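The following exercises concern contacts, burial and charge pairing in a protein model. Each task is followed by a solution that proceeds step by step.

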Amino acid sequence: MPIEITMPRLSDTMEEGTLLHWHKQVGDVVSSGDVLADIETDKATMELQSFDDGIFSEILVQEGEKVEVGKVIALLSEEVESSDSQASPPNSSSPSQQEEHTGMTISPVARRLADEYGVDIRTIQGSGPSGRVIKRDILQVVDTTKETSAAAATTKPAELLQPIVSEPEVVATSQPIVPVGDWRENRSEPLSNMRQVIAKRLVESKQTIPHYQVTMSFDMDPLLDMRKTLNKQLAPSGVKLSVNDFLVRCCALAMSEHPAFNASFGGDCIYYHGPVNVGIAIALPEEKGGGLVVGSIRDADQKSLRAISQESARLGNKARDKGLSVEEMSDTTFTISNLGMFGVEHFTAIINPPNSAILAVGAAVEKPVVRDGELVVGHELSATLSLDHRVIDGAMAARYLKTLKDLIENPAALLV
Amino acid sequence: MSERIIEFRDALCEAMSEEMRDDQKVFLLGEEVAQYNGAYKISKGMLDEFGPRRVIDTPISESGFSGMAIGAAMRGLRPIVEFMSWSFSLVAADPILNNAAKMLYMSGGQFGCPIVFRGNDGAGGQLGSTHSWCVESLYANVPGLKMAIPYDAYDAKGMLKTAIRDDNPVFFLESERLLSTTGHVPQEDYTVPFGQAFVRRQGTDCTLISFGRPLHFCFEAAEELAKEGIDCEIIDGRTIRPLDIDTMVKSVKKTNACVVVDQSWSFASIGSEVASQIHRYCFDDLDNFVHRVHSDDVPTPYASNLEQAYLPNTRKICEAVRSATYNT
């Protein structure tokens, strides 16, 4: 009996995974614990390890294919059967041929219709017996595509521009300001795994959580002065504290006074979490497909500024480089999203469930401020909390921001 | 033109009588066909009209009178042989299969065999396993013969006339269960040509193909399935040899699903032949394999309830269609 290797569920939200790379080839001896493949889940790239010993006998999912959790992706034969595989040598047919003949069944008419309508059958989960793709499945895809393209057609920008362009003098005199390139063509691109998850989770968040926002400005001069001093002292050891590192610590410390900010709405109860794990939103490079992930700085209230800074830098680099593991992204209880480095002064963020709050941080900007009755130039930072009103009321939010303000404007407390 | 509603059995009688009036070479023979007016009253009044030389009562010896009729056909007459039941034709297998069907070939074209063998085929209702034969799968296997199975009175008359005028041996399979059904039969002369299937119900979701009595079950099933939103197209094949596969293929190309309903046993049957051809000609149009509904693979039971359960009944057809259309 061959052992079936299935697409594992590697995170709570994972529904399908992409097989990035097979580490084993057909015929390889596999021992328990060997890495078989790299799997891209909704947000991370993970290694798939074997739980069994045997011969890697058949690959059912090719590199680059996306399949549902639980689907058989490869077969491992017990070693006794290896003699058989010598009688019939390992399948050396081309990947496309294997794709044709393994892992999916499709009714003849469904295959014909897929060809006619240009439907990619690999993206379809069949509704027939044993997942056979049948006529109905193809027609559903065709119908959905028709609806989407019809909707797109009605809002085509070209049509909106039509009246202006049709004015004779404009047509006669205007030269294209920018050469028309491919980028001006209407086009659609399939969603990446990550974009699908972002779309699903944020719609869910915005639609189910009663959001409201509270904004406060902070005098940043004391904190910036201290940061300057500390960075000068720490420079030899390679540590460079960012404003965000300070904010992580401030937020975490403020949690202990305001446990509702370290809580989740549970339907008929409110969960108060023990550990304070502050999530930091990390934007991924657009050339790598973009998107964002939230790295988790665990026990942020117990960590020094230096430890927070190192962890934050490590998470940021790894996220941009090869992606975070599920462990590195899970269990956050509060999230900070900072666009200050882009010069953004103020924005609001969508809560990252199951958190109850997210802090949207702008830049520390130079402003005229009144200090001791005199008008001077100071640095001010505006931050906006988005809150789940089911857990946190307005006055509670104001009190939390007050605590945060005390910490930011009297930063010596962060050192002890 | 007003409707003329008559029974299936009377349509058969009209076909034979009209052909006998038109053609002196046509005559009828069989058990009880003359003085008793036919075991099923199909030849009622024919002895009176045509006399004992052309409506002949035979001894209970199918092998004997079949062979005699084949000899008459070889010499230029056009006999109609009535089997009280096709079950009884088994004892005449040698003359009807070995002689009638092969005569033209074996005589090098010297002797043809323009003959009609007709009678009741299939379960008539508590006749037991030896008298409930469906011979279509057995006999249709033989080259050189034609086989027709009418479903209603109109086809019964039109197809029997075609059979009588055909220069080849025609196996004409009637059903005792259909003899009392009624339908419109025009006064004027007409024939129904062989090899032309008839789409008896238009539908979009599944093609039901059948012959003769099981069509009745198909109609019942189609009504039940319509309530579930499954729209069946029903094709009456009318003749098994020749088989109008074109009409069937055209329908399956539209519905992408097919169920063949055949009262024979399933193994090496009409159903398996039709399914095989549909698979061949509609391969890229099928959403599922061709499903088949047959009589169960046992001798026909005598008990009424068991006989009903054994037949290719409405329940079996509904299940097959649901499965073929993925509506289980």
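**Exercise 1. Determine which residues B:Thr58 touches, and where B:Thr58 lies.**

Step 1. Leaving aside residues up to four places away in sequence, B:Thr58 touches B:Leu29, B:Gly30, B:Glu31 and B:Phe65; contact means heavy atoms within 4.5 Å.

Step 2. B:Thr58 belongs to the loop between β3 (55-57) and α3 (62-74) of chain B. Helices (H or I, at least four residues) and strands (E, at least two) are DSSP runs, numbered from the N terminus.

Step 3. With a relative accessible area of 13%, B:Thr58 is buried. Buried means under 20% relative accessible area, exposed over 50%, and partly exposed in between (1.4 Å probe, protein chains only).

Step 4. The B:Thr58 side chain reaches the backbone nitrogen of B:Glu31 at 3.4 Å.

The model is predicted: local features need pLDDT of at least 70, side-chain atom pairs count only at pLDDT 80 or more, and totals for chains, interfaces and linings use all residues. Residues are numbered from 1 along each chain as its sequence is written, chains are lettered from A and ligands numbered from 1 in the order in which they are written, and side-chain values use heavy atoms, with hydrogens and water left out.

**Exercise 2. Characterise B:Ser17 and the chain that contains it.**

Step 1. Helix α1 (residues 8-22) of chain B contains B:Ser17.

Step 2. The relative accessible area of B:Ser17 is 4%, and this residue is buried.

Step 3. B:Met46, B:Glu49 and B:Phe50 are touched by B:Ser17, residues up to four places away in sequence not being counted.

Step 4. For the chain as a whole, there are 12 helices and 14 strands in chain B. Of its 328 residues, 57% are buried. Where contacts in chain B join residues at least 6 apart in sequence, 80% of them join residues at least 24 apart.

**Exercise 3. Describe the interface between chain A and chain B.**

Step 1. On the chain B side 12 residues are in contact with 11 residues of chain A.

Step 2. The two chains bury about 850 Å² between them, with 44% of it on carbon and sulfur atoms; buried area is the accessible area (1.4 Å probe) that two parts lose on being put together, summed over both. In chain B, the residues that lose the most area to chain A are B:Asp284, B:Asp287 and B:Tyr326, together 58% of what that side buries.

Step 3. Between chain B and chain A the count is one salt bridge, a term for a side-chain nitrogen of Lys or Arg within 4 Å of a carboxyl oxygen of Asp or Glu. Its partners are A:Arg112 and B:Asp285, whose side chains meet at 2.1 Å, N to O.

Step 4. The chain B side that touches chain A comprises three nonpolar, five polar and four charged residues. Here Ala, Val, Leu, Ile, Met, Phe, Trp, Tyr, Cys and Pro count as nonpolar, Asp, Glu, Lys and Arg as charged, and the others, Gly among them, as polar.

**Exercise 4. Establish how the residues of helix α3 of chain A are arranged.**

Step 1. In this helix (residues 108-117), the buried residues are A:Val109, A:Ala110, A:Leu113 and A:Ala114.

Step 2. Viewed down the axis of α3(A), the buried residues fall within an arc of 140 degrees, so they line one face of the helix. The arc is that of the directions from the helix axis to the C-beta atoms.

Step 3. The face turned away from the buried side carries the exposed residues A:Asp115 and A:Glu116.

Step 4. A:Glu116 also forms a salt bridge with A:Arg112 (3.1 Å, N to O). Both residues lie in helix α3 of chain A, four residues apart, about one turn of the helix. A:Glu116 has a relative accessible area of 52%, whereas A:Arg112 is partly exposed at 27%.

Step 5. After α3(A) comes A:Gly118, with a positive phi near 70 degrees.

**Exercise 5. Compare two salt bridges that link distant parts of a chain.**

Step 1. The side chains of A:Arg371 and A:Asp219 meet at 3.2 Å, N to O. A:Arg371 is in strand β15 (residues 357-371) and A:Asp219 in strand β9 (residues 211-219) of chain A, 152 residues apart.

Step 2. A:Arg371 is partly exposed at 32% relative accessibility, and A:Asp219 is partly exposed at 23%.

Step 3. In chain B, the side chains of B:Glu82 and B:Arg118 meet at 2.9 Å, N to O. B:Glu82 is in strand β4 (residues 78-85) and B:Arg118 in strand β5 (residues 116-120), 36 residues apart. Both B:Glu82 and B:Arg118 are buried.

Methods. A polar contact is a pair of N or O atoms within 3.5 Å; within protein, one must be able to donate a hydrogen and the other to accept it, and residues adjacent in sequence count only if both atoms are side-chain atoms.
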